[in-house]
Amino acid sequence: MRTDNVLRYEAMDILLRALGMVDTERFIAMIKRDTFDYTEWRRGLWNDMTIDEVYEEAVAYHENT
């Protein structure tokens, strides 16, 4: 298991590489000001997809990154 500091560093690195500096800052500001409930959002994220569809989407995403 990663330490909190390692997890924070890796997450920021991923965000910066994927979004760039400006959009990473916008994302962090958005998360901080919203009453966003990640757990609740996550529960319904793939309700309309089968496990095979989720897998296929993940594979396609991985192949394009």
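1. Arg17 is exposed, at 62% relative accessibility. In this predicted model, the side chain of Arg17 meets that of Asp13 in a salt bridge, with an N to O distance of 3.1 Å. Both residues belong to helix H1 and sit four residues apart, about one turn of the helix. The acidic partner, Asp13, is partly exposed, with a relative accessible area of 31%. The exposed label for Arg17 follows because its 62% is over the 50% cut-off.

2. The structure has four salt bridges, and Arg17 with Asp13 is one of them. Side chains of opposite charge can pair when their charged atoms come close. Another bridge joins Arg26 to Asp23, where the closest N and O atoms are 2.8 Å apart. Arg26 and Asp23 are again residues of helix H1, here three residues apart, about one turn of the helix. Arg26 is exposed at a relative accessible area of 57%, whereas Asp23 is partly exposed at 32%.

3. Helix H2 also contains a salt bridge: the side chains of Arg43 and Glu40 meet at 2.9 Å, N to O, and the two residues lie in helix H2, three residues apart, about one turn of the helix. Arg43 is exposed, with a relative accessible area of 55%. Glu40 is partly exposed at 46%; that label applies because 46% falls between the 20% and 50% limits.

4. The surface carries a nonpolar patch made of Leu19, Phe27, Met30, Ile31, Phe36, Tyr38 and Trp41. Together these residues have about 640 Å² of accessible area. Helix H1 (4-33) and helix H2 (38-43) each supply at least two residues of this patch. The most comes from H1, with four residues.

5. Ile31 is a member of the nonpolar patch and lies in helix H1. Its relative accessible area is 35%, and Ile31 is therefore partly exposed. That figure also meets the patch criterion, because 35% is over the 30% required of a patch residue.

6. How many aromatic pairs are there? The count comes to one aromatic pair. The rings of Tyr38 and Trp41 have centres 5.5 Å apart and planes at 45°, so the pair is tilted. The angle settles the label because planes under 30 degrees apart would count as stacked and those over 60 as edge-to-face. A pair of aromatic rings is described by the distance of the centres and the angle of the planes.

7. Tyr38 and Trp41 both lie in helix H2, three residues apart, about one turn of the helix. Tyr38 is partly exposed, with a relative accessible area of 47%, and Trp41 is partly exposed as well, at 42%. Both also belong to the nonpolar patch.

8. A patch of negative charge is found on the surface, where Asp48, Asp52, Glu53, Glu56 and Glu57 gather. Asp52 is located in helix H3, residues 51-63. Is Asp52 buried or exposed? At 52% relative accessibility Asp52 counts as exposed, because the cut-off for that label is over 50%.

Terms used: Residues numbered from 1 in each chain as written. Predicted model: local features only at pLDDT ≥ 70, side-chain atom pairs only at ≥ 80, totals over all residues. Heavy atoms only, no water. Patch = residues over 30% accessible without salt bridge, like charges linked within 9 Å, V, L, I, M, F, W, Y side chains within 5 Å. Areas by Shrake-Rupley, 256 points an atom, 1.4 Å probe, with all protein chains shown as cover. Lys, Arg positive; Asp, Glu negative; His and termini not counted. Charge placed at Lys NZ, Arg CZ, Asp CG, Glu CD. Buried < 20%, exposed > 50% of the residue type's maximum accessible area, 1.4 Å probe, protein only. Phe/Tyr/Trp six-rings, centres within 6.5 Å; stacked < 30°, edge-to-face > 60°.
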